[in-house]
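Trainee: Could we go through this model together? I would like to start with the terms and then turn to the details.

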Amino acid sequence: MLDRTPKIFISYSWGSNNTKTITKELATSLRTDGIDVVLDIWDLKLGQDKYSFMERCVIDHEIDKFLIMCDRSYANKADSRKGGVGN
């Protein structure tokens, strides 16, 4: 049991607006339920490198869990190691 507010990082497939919408709705719901959520659309600043942002989130000891939201297209690219996803 945590003695503080749990904190999660959500990473999602940027290829689909639907995935982005669903992810934002989930993140909003989690925040309403008292979970601190790190999400690029709220926490990535203009001009900040998105890859550095994600890497920092993955190694941040204050983040308790990671949630990855991907669509079929992303999964297919990862499985076939195409488009930078599976490299």
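Mentor: Let us begin with burial: a residue is buried under 20% relative accessible area, exposed over 50%, and partly exposed in between, with a 1.4 Å probe and protein chains only. The model is predicted, so local features need pLDDT of at least 70, side-chain atom pairs count only at pLDDT 80 or more, and totals for chains, interfaces and linings use all residues. Residues are numbered from 1 along each chain as its sequence is written, and side-chain values use heavy atoms, with hydrogens and water left out.

Trainee: Is F53 buried or exposed, then?

Mentor: F53 is buried, because its relative accessibility is 6%. The residue belongs to helix α3, residues 50–59; helices are DSSP runs of H or I with at least four residues, strands are runs of E with at least two, and both are numbered from the N terminus.

Trainee: How many disulfides does a search of the whole structure find?

Mentor: The search finds 0 disulfides, a disulfide being a pair of cysteine sulfur atoms within 2.5 Å. C57 is in none, and its nearest cysteine sulfur, that of C70, is 18 Å away.

Trainee: Why is there no bond for C70?

Mentor: Its sulfur has its closest cysteine sulfur in C57, and because the separation is 18 Å, that is too far for a bond. C57 is buried at 6% relative accessible area, whereas C70 is partly exposed at 43%.

Trainee: Changing topic, in what order do the strands of the sheet come?

Mentor: The order is β2-β1-β3, in an open sheet of 3 strands with parallel pairing. Two strands pair if DSSP finds at least two bridges between them.

Trainee: Which strands stand at the edges?

Mentor: β2 (36–38) and β3 do; each has a single partner strand, so one side of each lacks a neighbour in the sheet. From one strand to the next, the twist averages 25°, where axes are lines fitted to C-alpha atoms and angles run from 0 to 180 degrees between N-to-C directions.

Trainee: How many bridges join β1 to β3?

Mentor: There are 5 bridges between β1 (residues 7–12) and β3, and the two run parallel. I10 stands opposite L67 of β3.

Trainee: What about F66, is it buried or partly exposed?

Mentor: F66 is partly exposed, with a relative accessible area of 42%, and is found in strand β3, residues 65–69.
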